[in-house]
Structure formats: C-alpha cells, structure tokens
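Q: I am new to this structure. Please take a close look at one part of it, the aromatic pairs, and walk me through what surrounds them.

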Amino acid sequence: MRSMVIRNNVVLTLMLFLVACGYHLRGSLEIPKQLKNVYVQGASGTLYNELKAAVKSAESRIVSTPKQADIVINILSDKMRRRALSISSGGKANEFELDYSLKYTLSDAEGKTLLKPQNMEIHRSYFNQQLNVLGKNNEEQVIRREMYRQAVRSIFSQARAVLKK
C-alpha cells in the first residue's frame with residue numbers, strides 16, 4: 001500500500017514537471033491568439049483537411065472569406081510524388097521515396113504580404129515488402145499524412161515568427 005502511494009506521488013511529480021516545462025504532445029499545435037481566424041486558399045483536399053484539423057484542435061477556425069481572417073494562407077503549389085528507389089531482380093520496387101513540395105505565402109485580411117513565397121520540401125523513403133502489399137499501402141498513407149502534418153506545423157511556425165516581428 002505504501003509503495004503504491006509513493007509510486008503515485010512520483011508519477012504525479014513527473015507529470016507536473018512535464019507540464020511546467022511546456023511539453024506538448026506531438027499532435028497538438030499552438031496557434032497564437034492573433035491567428036484565431038484563418039483563411040486557406042488553393043490547398044489540395046488532403047492539405048486543406050490537415051490544416052482544418054490543426055486549426056480546430058487549436059480552438060481556432062477556418063473562415064469562408066479572406067476579409068474575416070486574421071491571416072490568409074495562400075498555397076501556390078502543392079505536389080506529392082512517389083518514385084522507386086531500388087528494384088528487385090524480379091523487376092518490382094523494393095524501396096520507394098515520397099517527395100512533397102509546397103510553395104505558399106502568408107498575408108493579412110487586406111492582402112498585404114506578411115511572408116514572401118516560401119518553398120518547402122519533405123522527403124521520406126520506405127521499404128516495400130512484396131509479401132505484405134496491403135500493409136505497405138497503409139504504411140504509405142500514414143507517411144503521407146505525417147508529411148502533410150509536418151508541412152502544417154511549419155506553416156504555423158512561420159506565421160508565429162512573422163507575428164513576432
């Protein structure tokens with residue numbers, strides 16, 4: 001009984017230290033109060049959905065017109081490509097690489113450019129086990145989703161930096 005109380009106290013103390021140092025779960029995104037209304041223009045469906053989910057989790061919202069927005073994210077280019085990195089002796093791909101390129105700008109509601117066009121490239125590779133085709137397809141979808149999430153985090157990180165200036 002006594003060891004259980006001590007263990008609970010240790011766990012509680014560790015949790016308090018984590019909270020005090022500003023630790024956040026990886027999926028959480030902190031959006032400054034100045035960015036509570038976001039307008040997204042030109043994003044592909046998948047990128048838009050990730051932006052929408054991130055904004056919603058930060059208790060912000062995506063607005064329907066640029067005039068309502070605190071910041072406008074204008075996606076100029078958004079491309080995901082897949083290519084084979086290595087081929088087996090049987091002619092099937094052993095390894096794939098996913099390349100995601102994104103070009104975007106940030107502006108305010110009046111159209112004033114806050115951030116000039118930024119290029120972002122994210123690369124991931126994965127092994128393609130031919131015996132587990134279904135599992136590898138799921139793995140690719142997870143990798144793609146994580147690449148989009150990384151892009152969203154980078155966009156909001158840039159927005160946060162622009163607002164501090």
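A: **The aromatic pairs**

The structure holds 2 aromatic pairs. The model is a predicted one.

Start with F96 and Y126. Their ring centres are 5.9 Å apart. Their planes meet at 35°, so the pair is tilted. That label follows from the cut-offs: planes under 30 degrees apart would be stacked, and planes over 60 would be edge-to-face.

Now place these two rings on the chain. F96 sits in strand β4, which covers residues 93-107. Y126 sits in strand β5, residues 113-127. The two parts are 30 residues apart in sequence, so the pair ties them together.

Both partners can be checked for burial. F96 has a relative accessible area of 11% and is buried. Y126 has a relative accessibility of 5% and is buried. The reason is the cut-off: buried means under 20% relative accessible area.

F96 has a further neighbour. R82 lies over the face of the F96 ring, at 3.8 Å from the ring centre.

Next come Y100 and Y148. Their ring centres are 4.8 Å apart. Their planes are at 65°, so this pair is edge-to-face. Y100 belongs to strand β4. Y148 belongs to helix α3, residues 133-164. This pair links distant parts of the chain, 48 residues apart.

Burial applies here too. Y100 counts as buried, at 1% relative accessibility. Y148 counts as buried, at 8% relative accessibility.

Y100 leads on to the core. The largest nonpolar core has 33 residues. Y100, L102 and F156 touch the most other members of that core. Several elements feed into it. Strand β1 (37-41), helix α2 (45-57), strand β3 (71-87), β4, β5 and α3 each supply at least two residues. The largest share comes from α3, with 9 residues.

Stay with helix α3 for one more residue. V152 has its place in this helix. At 2% relative accessibility, V152 is buried. V152 and K52 are 100 residues apart in sequence. In space, their C-alpha atoms are 9.7 Å apart.

To gather the threads: strand β4 holds F96 and Y100. F96 pairs with Y126 in a tilted arrangement, and Y100 pairs with Y148 edge-to-face. Helix α3 holds Y148 and V152, and this helix gives the largest share of the core.

Note on methods: Residues numbered from 1 in each chain as written. Predicted model: local features only at pLDDT ≥ 70, side-chain atom pairs only at ≥ 80, totals over all residues. Heavy atoms only, no water. Phe/Tyr/Trp six-rings, centres within 6.5 Å; stacked < 30°, edge-to-face > 60°. Helix = DSSP H or I, 4+ residues; strand = E, 2+ residues; numbered from the N terminus. Buried < 20%, exposed > 50% of the residue type's maximum accessible area, 1.4 Å probe, protein only. Lys NZ or Arg CZ within 6 Å of the ring centre and 35° of its normal. Core = buried A, V, L, I, M, F, W, Y, C linked by side-chain atoms within 4.5 Å.
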